[in-house]
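Me: Please take a close look at a single part of this model, and then place it alongside the contact between the chains.

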Amino acid sequence: MHISEGVLSPAVLYGGAALACVGLGLGLRKLDYDKLMTVAILSAAFFVGSLIHVPIGPANAHLIVNGLLGLLLGWAAFPSIFVALLLQAVLFQFGGLTVLGVNTVNMALPAVLAALLCRPLIARGGKARMLGAFLCGALSVAGAGLCTALALALTDEGFVQAAQMLLLAHVPVMVVEGGITLLTVGFLAKVQPELLHNALGGRECA
Amino acid sequence: MFDEPFAAGTSLIHSLDPRIRLGVAVACSIVCSIVHSLPAALLALGAALVLVCLSRPPLRPLLRRMAVVNIFILFLWLTVPLSQQGNTPVLASYGFFVLTQQGLDLCLLVTVKSNALVLLFLALVATMPTPTLGHAMAQLAVPNKLVFLFLFTYRYVHVIGEEWQRLHNAARLRGFSPRNNLHTYRVAGYILGMVLVRSYERAHRVYEAMLLRGFNGRFTSVSTFQAAPRDALFCCTALTTCVLIMAVDYWEIFCV
C-alpha cells in the first residue's frame, strides 16, 4: 500500500528520505555495472509482478513480492524498489516525489532484513527452504505494513485508527505473499537454481 | 501496455526545459508537503491548478488519475474524523462514532495538499516522456547508476509486461480461472517464477549484446537540453509562488 502525497508530516517525510538515501547508497555501492542490467530487468519483472492480482477471500489484492526481491537482490533491492516506485509515480501517479523516500524504506527495508534472516534457512534446502521462503515473503509484507502504519501513526494521532486498519488488512496479504514466495522459490530451485544460488552465495544476482 | 497520456503536447509547459520542470517540481513539492495551514494549502492547490490548465492535459485520463489518488484520501476520511482524540471539541456522536473538529480539519488539509501535489506532478513531471525524465535526472546530479536503472527498467517494463500477458493468456486458454484455492496461488507463483527466469536470461543476453557494442559503463545520451529565457522566467515565478505560500503558512501558524 502506498501512502499518497500530502498526508505525512515533514519529520516523517524527511526521516524516510534520509533513510532511503542511506539504503540507496549501500545498494548502489554494492552494484557493479555488469550486474546493473540484471537488476534493471528484474526490477521490471517485479514491477509487472506487482500488477498481478490474486483473489484473497472475497477481495482481490495485487502481489507486492518485495520479499522475493530482497532475497534475489539483497541491498540492491533499495535502488530497485526506488526505481519501480518512481516509475509507478510517473506512469500511474501512485505515490509521488515527496513520499518516494518513505515508500521506498517501507518496502525495501523489511525486504532486505527478512532476506538476510531467511537466507541461511533457504540455503539448507528441503523443508527448511520452504519454511524460509514462506517466512521471507510473509515477514517482508508484515514489515512493510508495519512501517506504513508507523509512518501514519507518527504523523498525527488522528491517523492511528487508519494505521491499525491498514495493518489488519495486511494480515491475509501476508499469508498469501508467504505462500506465493514459497511456491516461486520452489519453482526457481527446480527451473533455474543458479538464480537462487547466486543470490544465496552472497553474490547478489547475476 | 502502459500509456503516458500527458507526455505529448505542445503547451507552454511542454516547451519548457525538462531540467527546470523537474527541479521546480521537486522544490514546489517540498514546499507543498510542509505547509500546515489550510489557506497556504489552498493557495498551493490554486497554483497547481493554474499549472495543470497551462499544460492542457486530456481530460478523461486526468480525472481518472485524480480519482485513483483520492481513494486513499477517502479511506482517511472514513477513519480519521471518527477517531477519538484526547480532549478536542466533539461535533457530534453517533453511539460508538465520535466526530471531532480536529479530525475534520486534518482530513481537509490532507485532501487539499494531496490533490495539489498530484496536480503539480501531473503538470510538471508527467508532461515529459519517461526517457526525458531519466536524462533530466542525470543532469541534475542523480547518480549515474540510478538513472541507468531507471531508464532500463522503464525500457523493459513493456517487454516483461507482454511476456506476463502471454503466460497469462496461455494459462487462460488451458481453462485457468482465479479462485480462492491452492491451485490459483500455485499458478500465480509459477507464472511469476517463469517471468523471473525469462527476465534473468534476457538480462544476460541484453548485457552481452551491449558489451559487443562497446558498452563501457558510461551512459551517453544524444539528447541535449537548452534553457531559454522563458525557463528562467518560469523558474522565478514558481519560486516566488513557493515563497508566498511559505509566507502565508507562517502568517497563519504564528501570527493569527
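Which residues make a nonpolar surface patch of about 350 Å²?

Reply: The model is predicted, so local features need pLDDT of at least 70 and side-chain atom pairs pLDDT 80 or more, whereas totals for chains, interfaces and linings use all residues. Residues are numbered from 1 along each chain as written, chains are lettered from A and ligands numbered from 1 in written order, and side-chain values use heavy atoms, without hydrogens or water.

A:Leu117, A:Leu131, A:Leu135 and A:Leu139 make the patch; its members have over 30% relative accessible area (Shrake-Rupley, 1.4 Å probe, only the protein chains shown as cover) and no salt bridge (Lys or Arg side-chain nitrogen within 4 Å of an Asp or Glu carboxyl oxygen), with nonpolar side chains joined within 5 Å. Helix 6 of chain A (residues 126-155; a DSSP run of H or I, at least four residues) gives the largest share, three residues, and A:Leu135 lies in this helix.

Elsewhere, 77 residues of chain B and 76 residues of chain A are in contact (heavy atoms within 4.5 Å). The two chains bury about 6800 Å² between them (accessible area lost on being put together, 1.4 Å probe, summed over both), 78% of it from carbon and sulfur atoms. B:Phe72, B:Lys145 and B:Tyr200 supply 12% of the area that chain B buries against chain A, more than any other three residues. Between the chains there are zero salt bridges.

Definitions and conventions: Patches are made of residues with over 30% relative accessible area and no salt bridge: like charges are joined within 9 Å, nonpolar side chains (Val, Leu, Ile, Met, Phe, Trp, Tyr) within 5 Å. Helices (H or I, at least four residues) and strands (E, at least two) are DSSP runs, numbered from the N terminus.
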